[in-house]
Each structure stands twice: as C-alpha cells, then as structure tokens.
Amino acid sequence: MGLRVWRARATITILRPYQPRLRYYLVDQSAYSVDELAQRSTPLSGIFEVEQASQDIESMRLAVGRLAASIRDHPDKARLDEVITRWLKRHLKRLGPDVEEILEQVNTLAEDGDMLAENIQIWAEQEQQKGEQRGIEKGERRGIKKGEQQRAEKTARNLILLNALTDEQIAQATGLSVEDIAKLRADGQGEH
C-alpha cells in the first residue's frame, strides 16, 4: 500500500507541469432577479435575462431586444455580436423546429435584434393558434367519439328490449363489447 501511494504521488508530481492552471470569475446567475437584470445594460445581464425568460415569450422578446441594445452600445460590438448571436441561435432552437426559419434570417443580433424580437412574438402567436386549433380538434374528436358511444348504447338498449338477440349479436351490431352489453342488461337500462 505504501508503494502505491508513493507511485500515485510521484505520477501527480511528474504531470503537474502539464495540468492547466485556469483562473475563473464566478458569476452566480441566480443571485440576480429579473428586475435587477433588466436594470443592468450589459451583454452578460442580457444573456442571463434571456435564459431566465425561456418560459415566457413576452419576457423573451423583451430580453432579446435589451440584449441587442446592450451589444449595440458596447465598445467591442463586433466580436460580442458574433459570439452572442451564435449562442442565441443555439439557445432559441430548442423552442421548436418552426423557430429555425426565423433564426435563419438573423445575421447579427445588433442589426437584426429588433426584427428577431418581433418575429419571436409573431411565432409565439402562431404557436398559440396552432395549440388552440389542436385543442379544438381534440375536443371535436372526443365529442364525436362520445356521441358514437351514446348512439351505440341507445341502440343496444333498444335491442335488449326486443329480447330477440344474444349479447354477442347485439355487440356485433353496435360495436360495443359483450361486457358493455351485459352491463347495460344488468343495470336494467334496457327495460323502459
């Protein structure tokens, strides 16, 4: 055991010159509220604001607009614009495949930021309309299915009243299961 520890320490010592020595500055994003970020006009606060606004499209639109404005006002505008535009495109792609069409139109955030913010709003409204349409269609399908079920049960009750067919025959005629027919018969709903 002593030899192993010595070898491990020797290996660490030998490799130490090849280990990177990195310095970093920790910025705790969660330490800032949305209001605090909105008051600051720096590209970093703009990035944090975009990340925090990911669930709310209106907040996202405002955050993108402020981020673009902070880049336009920055002395190192060209480099920041390139890097942040690339990051923002990747960040926004997760909103869905339809947003990629909007992102293709953006070359630089500083120049196209207002257009991007407006297009995010338009895209969100279109997505909301699609969601509402899907909800309506789903409701219609449920209503149709429920109506068909009710018609089949009414037909089954009428056939049960005739007392001329077996449960299997009624099930075949109505599309209901034999268990459903037996339940209707047991419930006495067919005896009017």
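Helices are runs of at least four residues that DSSP assigns as H or I, and they are numbered from the N terminus. With that in hand, the overall plan of this predicted model is easy to read: from the N terminus on, the elements of the protein chain run α-α-α-α-α-α-α-α-α. In total there are 9 helices and 0 strands. The chain has 192 residues, of which 28% count as buried. Its accessible surface comes to about 13900 Å², and carbon and sulfur atoms make up 51% of that surface. Among contacts with a separation of 6 or more, 46% join residues that are 24 or more positions apart.

A good place to begin the tour is helix H3, which spans residues 43-52. Here 7 of the 10 residues are buried, so H3 is largely enclosed by the rest of the structure. The buried residues are Pro-43, Ser-45, Gly-46, Ile-47, Phe-48, Glu-49 and Val-50. Their cover includes helix H2 (34-39), helix H4 (57-72) and helix H5 (77-93). The loop between H2 and H3 holds Ser-41. This serine is exposed, because its relative accessible area of 54% is over the 50% cut-off. Ser-41 and Ser-70 are 29 residues apart along the chain, yet their C-alpha atoms are separated by 5.5 Å.

Attention now turns to helices H7 and H8. Two packed helices are described by the angle between their axes and by the distance between those axes. For H7 and H8, the angle is about 150° and the axes lie 10 Å apart. The crossing of H7 past H8 is right-handed. On the H7 side, Ala-152, Thr-155, Ala-156, Leu-159 and Ile-160 take part, and they meet Ile-170, Ala-173 and Thr-174 of H8. Sorted by class, this contact has 6 nonpolar residues, 2 polar residues and no charged ones. Between the two helices, H7 covering residues 109-162, runs a loop that contains Asn-163. The phi angle of Asn-163 is near 55°, a positive value in a residue other than glycine. Asn-163 is also exposed, since its relative accessible area is 59%, and exposed means over 50%.

Within H8, which covers residues 167-174, Thr-174 deserves a closer look. With a relative accessible area of 15%, Thr-174 is buried, because the cut-off for a buried residue is under 20%. A polar atom of the Thr-174 side chain lies 2.9 Å from the backbone oxygen of Ile-170. The side chain of Thr-174 also reaches the backbone nitrogen of Leu-176, at 3.3 Å. Leaving aside neighbours within four places in sequence, Thr-174 is in contact with Ala-152, Thr-155, Ala-156, Leu-159 and Ile-181.

Asp-167 is another residue of helix H8. Its relative accessible area is 17%, and Asp-167 is buried. The side chain of Asp-167 makes a polar contact with the side chain of Arg-185, at 2.6 Å. Not counting residues up to four places away in sequence, Asp-167 touches Val-178, Ile-181, Ala-182 and Arg-185. Ile-181 therefore appears in the contact lists of both H8 residues described here, Thr-174 and Asp-167, with contact meaning heavy atoms within 4.5 Å.

Terms used: Residues are numbered from 1 along each chain as its sequence is written. This is a predicted model: local features need pLDDT of at least 70, side-chain atom pairs count only at pLDDT 80 or more; totals for chains, interfaces and linings use all residues. Side-chain values use heavy atoms; hydrogens and water are left out. Buried means under 20% relative accessible area, exposed over 50%, partly exposed in between (1.4 Å probe, protein chains only). A polar contact is a pair of N or O atoms within 3.5 Å; within protein, one must be able to donate a hydrogen and the other to accept it, and residues adjacent in sequence count only if both atoms are side-chain atoms. Accessible areas come from the Shrake-Rupley method with a 1.4 Å probe; for residues, only the protein chains shown count as cover. Axes are lines fitted to C-alpha atoms, for helices over the stretch in contact, and angles run from 0 to 180 degrees between N-to-C directions. A crossing is left-handed if the near helix is turned anticlockwise from the far one by less than a right angle, and right-handed if clockwise. Ala, Val, Leu, Ile, Met, Phe, Trp, Tyr, Cys and Pro count as nonpolar, Asp, Glu, Lys and Arg as charged, and the others, Gly among them, as polar.
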